[in-house]
Amino acid sequence: MDIAARVYNHKWKIDPIIRSLIDTDFYKLLMCQSVFRNKPDTRVTFSLINRSKHVPLARLIDEGELREQLDHIRSLSLSRGESTWLRGNTFYGKRQMFRPDFMEWFEGLRLPPYFLERKGDQYELTFEGAWPEVMLWEIPALAVLMELRGRAVLNAMGRFELKVLYARAMTRLWEKIERLRTVDNLSIADFGTRRRHSFLWQDWCVQAMIEGLGRKFTGTSNCLIAMRREVEAIGTNAHELPMVYSALAETDAELARAPYEVLSDWHDEHDGNLRIILPDTYGTKGFLENAPDWLTKWTGVRIDSGDPATGADIAIDWWRKRGEDPRTKRVIFSDGLDVDKIVELQAQFAGRVNVSFGWGTLLTNDFRGLAPDDALAPFSLVCKAISANGRPTVKLSDNPEKAMGPPDQIERYKRVFGVGDQQRIAVEV
């Protein structure tokens, strides 16, 4: 596919940004089924948060065009082929991962309404409703805003300028792949849906990884691309679950138990490589120190904030102290990765633990320095649950730059979870 020509000639009704309800991350569907089973009546509000205030989204993106894209998403429903793939495919070695009652509900789903308002140079975009429905807005909303910002820059470029731009971006990615080819025992997946440059570009990146890395490339988080390219759909769970469970807690004691109740519900539903702990929502060290013994039997840990090597060392020490052999466990690194860090972490932890990587923004959106004024550089945009049943949610993270929630609640959570001083690390993407 000539992406540059497609961009130059595109009309969005031919090339909508979101093509399907399964143009989303696999973990969203796994979590959605868990929520559908355990907390279907919880009312949750999600909100867009642009951490990169220097990117004036409301000046770059036309509100009418944004509404058209969001309205288009609300018109989508599962196709017969998509439903068949979800019902009958093998995921993580298991058939019928998605239960019949969940699939029947999902097949009839249309996403609920959105609220959009311009506030200065930014947009306020929120979604409120029943948790299983409203949670599915997160990934498409992020992808739409990221791609519309990109289109605003690309629209000013000529045909040959676009060809050179994409040729340079392709060369950059291929050079990264050539470096990764030399890494022994590499296990790496695409985690780049939420902040991708575009759907077409993510699809191209996945195809390049398939050809360039062979078995070292384990799959993609994007369900639609996984289906079309016949690769594994990759993903487990995210911070959203403990954030909402914790917001529902009535007392400090219930709050302290909430993150473990999330994983207890998950334990009842999944096994094997889907039993991956994400421990950093309220601080990795405290979470693991207070974790019940049955969690030590889980397959591994995902490191998604703070210094990655420190997080992995904490997990390895925890397994050893609890009588587990870390060499039988898996650590998945997924925060702000690029090739240098991937190569470094693989060398540092090879032989100590099984290492995997979820490569996100700098796989699917590395256009740094390729456009005038660096106008296509990736930026930090998130869409998070901000309240549940009217109560505010809180995320502490292992990096205080990623913390979110009302200040008084942040302090309460720090007290309950015993979070002390933390190292601040700049949030790049």
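Two strands count as paired if DSSP finds at least two bridges between them. The model on screen is predicted, and this tour goes through its sheets and then its largest pocket.

**Stop 1: the parallel sheet**

Begin with strand 8 (276-277) and strand 9, residues 300-303. These two strands pair in the parallel sense, over 2 bridges. Select I277 to see one of the contacts in detail: its bridge partner in strand 9 is V301.

Now widen the selection to the whole sheet. It is an open sheet of 6 strands, with parallel pairing and the order 7-6-11-10-9-8. Which strands stand at the edges? They are strand 7 (217-220) and strand 8; each has a single partner strand, so one side of each is left without a neighbour in the sheet.

Next, select residues 199-213, which are helix 10. Helix 10 lies across strand 6, strand 7 and strand 11, and runs at about 160° to strand 7.

**Stop 2: the antiparallel sheet**

Select strand 4 (114-119) and strand 5, residues 122-130. Here the pairing is antiparallel, over 6 bridges. Within this pair, E117 stands opposite E124 of strand 5.

The open sheet that holds them has 5 strands in the order 4-5-1-12-13, paired in the antiparallel sense. Strand 4 and strand 13 (391-392) are at its edges with a single partner strand each, so each has one side without a neighbour in the sheet.

Two helices can be added to the view. Helix 8, residues 138-154, lies across strand 1 (43-50), strand 5 and strand 12, at about 145° to strand 12. Helix 12 lies across strand 1, strand 12 and strand 13, and its angle to strand 12 is about 25°.

**Stop 3: the largest pocket**

The largest pocket contains about 930 Å³ of space. To find its centre, select Y27, F191, R302, S334 and G358, the closest to that centre among the 48 lining residues. Several elements give two or more residues to the lining, including strand 6 (188-190), helix 12 (240-247) and strand 11 (354-359). Which strand gives the most to the lining? Strand 12 does, with 4 residues.

Colour the lining by class, and 18 residues come out nonpolar, 16 polar and 14 charged.

Finally, colour the two domains. Why does the pocket lie between them? Domain 1 (12-156 + 377-391) and domain 2 (166-364) both give residues to the lining, so the largest pocket lies between the two.

Technical notes:
Residues numbered from 1 in each chain as written. Predicted model: local features only at pLDDT ≥ 70, side-chain atom pairs only at ≥ 80, totals over all residues. Heavy atoms only, no water. 1 Å grid on protein atoms, 1.4 Å probe; cavity = no way out; pocket = protein on both sides within 12 Å on 5 of 7 lines; lining within 4 Å. Points joined across faces, edges and corners; volume = space filled by probe spheres on them. Nonpolar A, V, L, I, M, F, W, Y, C, P; charged D, E, K, R; others polar. Domains from an automatic or database assignment. Contact = heavy atoms within 4.5 Å. Axes fitted to C-alpha atoms, helices over the stretch in contact; angles between N-to-C directions.
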